Structure formats: structure tokens, C-alpha cells
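Student: I'd like to go through this model with you, strand by strand and then out to the side chains. Can we take a look?

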Amino acid sequence: MGDIYGYIRVSEKNQNTKRQWKMMTEEEGIPSKYIFEDKASGKDFNRKAYNSLVGTENTVPLLHEGDLLVIYSIDRLGRNYTEIKEQWKHITQNLGADIKVLDMPLLDTRSANGNDLERTFISDLVLQILSYCAQKERENILTRQKQGIAAMKVVDGKKVSLKTGRPTGRPSIGFPENWDEIYSKWKNGEITAVAARQLLNLKTNTFYKLAHQYESKSSSVTCK
């Protein structure tokens, strides 16, 4: 019997990992020093903690033959269908370690009980189905995000969140107090754009961006 390791992953730094830690320490009895955590996307396997477990071209893996890697669910391992299968093969065949997925008892490569061939067949079959579903869910999330952004209203050139009602992206740049006066002189040919920029203390791009917004608003008011 080798060592038992736990692997925990969430996609964002502000996401909570307490539930996964509780499962690993309290229910599985894995010591904290044997639990590795990443807060990184599941789109690939370029993750610091994970690479410590399985090794890289330049580092030796912590997992060895006879060890067990415990994960909460297959999507905690990753969300890329092809790479999940490759990593599963690397861990179980190249490293000789076992994998246990807590929310899917069929995904347990240990063969202490039952027919080894049947357990391997069932494990591989379920893995392919779940890894496919993990990738599809990631693709669906990205699609929903794009659809949500596309559905946002545009106010003053900014997308407005449907949930909060606030503009997304960087805050809009306000017009300087003396904008009307300087803008009028520039448009009337009394001063150059360079002079106008300097008087307003604005960068070139910002100056022309504000001028465009100002002219758009003026045009809208005139049309009404």
C-alpha cells in the first residue's frame, strides 16, 4: 500500500475549496500535507500543484507505483476531453498509481475486489463519458458568457450588465470642466488640436475619443 494524495482544483482564486478539503481530510482521512490545491482553469494541465504530483520533463513526480490519487470529481481533474484521457493514462500506466473519483464510485482503478478486466473496462468507459461531458460543459459556459455579453444593452458606448445595471469594462472618462470652451475654440480654428490637448491635459487618443462622444451626443440632441 502506497501513499494517498488528494488533488483539489477550482477555476478562480476567489472560489471556495472548503468542501473539497473537508471530503479529503475528514471523510478520506488524507493528511493536509498530502493534499495539493490549484486555483486555475481546467482547460489544460499547466498547473503548479498538479505538476508536482505527476511530474514534468524537468521534475520528478511525487506519485509512484502503488500510490492513490483522490479527486472530488472528474471535472476537478480537468475539462479538456483529450487531455483528461492522456493524464489518466499517464497516472495509471506510466506512473503505476491508482485514481479514485469520490462522486463516481465506478471511477476507482484499484482492483482489490472483483474482476480486474471488468473493472478496467467499466472505469475506462465511464471516464470517456465523463471527460467528454466535462469539456462540453466548459464549452457551454463559454457560449453562455458570449451570449450574455451580446445581449447587454449599450449605453454611451459601454456594455451594461443585465444583472447589476452597471457598465462593464473600464470606467468611462469624464469631460474636463473647461471642455466646452476649449472644444469650441478648437472647432472654430482658434487653437490647434495639440494646444487643446495640452490645455485639457489629455492624451491624444483620449482627446479624440471625447471629441467623438461629444459630437455624437450633440448630433443626437439635434436630431431630436
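Student: In what sense do S3 and S4 pair, and over how many bridges?

Tutor: Keep in mind that this is a predicted model: local features need pLDDT of at least 70, side-chain atom pairs count only at pLDDT 80 or more, and totals for chains, interfaces and linings use all residues. Residues are numbered from 1 along each chain as its sequence is written, and side-chain values use heavy atoms, with hydrogens and water left out. Strands (E, at least two residues) and helices (H or I, at least four) are DSSP runs numbered from the N terminus, and two strands pair if DSSP finds at least two bridges between them. One bridge partnership here is Ile-71 with Val-101 in S4; S3 and S4 pair in the parallel sense, over four bridges.

Student: Which strands stand at the edges of the sheet?

Tutor: The sheet is open, with four strands in the order S2-S1-S3-S4 and parallel pairing. A strand with a single partner has one side left without a neighbour in the sheet, so the edges are S2 (35–39) and S4 (98–101).

Student: What is the bridge partner of Gly-6 in S3?

Tutor: Start from the strands: S1 (residues 4–10) and S3 (residues 68–71) run parallel and are joined by four bridges. Within S3, the partner of Gly-6 is Val-70.

Student: What angle does the direction of helix H1 make with that of S1?

Tutor: Axes are lines fitted to C-alpha atoms, for helices over the stretch in contact, and angles run from 0 to 180 degrees between N-to-C directions. H1 (residues 18–27) packs on the sheet and touches S1, S2 and S3, contact meaning heavy atoms within 4.5 Å. Its direction and that of S1 make about 170°.

Student: Which residues of S3 are buried on each side?

Tutor: In a regular strand the side chains alternate between the two faces of the sheet. Buried means under 20% relative accessible area, exposed over 50%, and partly exposed in between (1.4 Å probe, protein chains only). Both faces of S3 are covered, with the buried residues being Leu-68 and Val-70 on one side, Leu-69 and Ile-71 on the other.

Student: Is Gln-20 buried or exposed?

Tutor: Gln-20 lies in helix H1. Leaving aside neighbours within four places in sequence, its contacts include Tyr-7, Ile-8, Tyr-72 and Arg-76. Its relative accessible area is 6%, so Gln-20 counts as buried.

Student: Which side chain meets Lys-100 in a salt bridge?

Tutor: Side chains of opposite charge can pair when their charged atoms come close. The cut-off for a salt bridge is a side-chain nitrogen of Lys or Arg within 4 Å of a carboxyl oxygen of Asp or Glu. Lys-100 is buried at 19% relative accessible area. At 3.0 Å, N to O, its partner is Glu-28.

Student: How far apart are the closest N and O atoms of Glu-215 and Lys-187?

Tutor: Glu-215 is partly exposed at 31% relative accessible area, and Lys-187 is partly exposed too, at 47%. They form a salt bridge, and the closest N and O atoms are apart by 3.5 Å.

Student: Which residues form the nonpolar patch with Leu-125?

Tutor: Leu-125 is found in helix H5 (residues 116–150) and is partly exposed at 44% relative accessibility. Patches are made of residues with over 30% relative accessible area and no salt bridge, like charges being joined within 9 Å and nonpolar side chains (Val, Leu, Ile, Met, Phe, Trp, Tyr) within 5 Å. The patch has about 320 Å² of accessible area together, by the Shrake-Rupley method with a 1.4 Å probe, where for residues only the protein chains shown count as cover. Leu-125's partners in it are Phe-121 and Ile-129.
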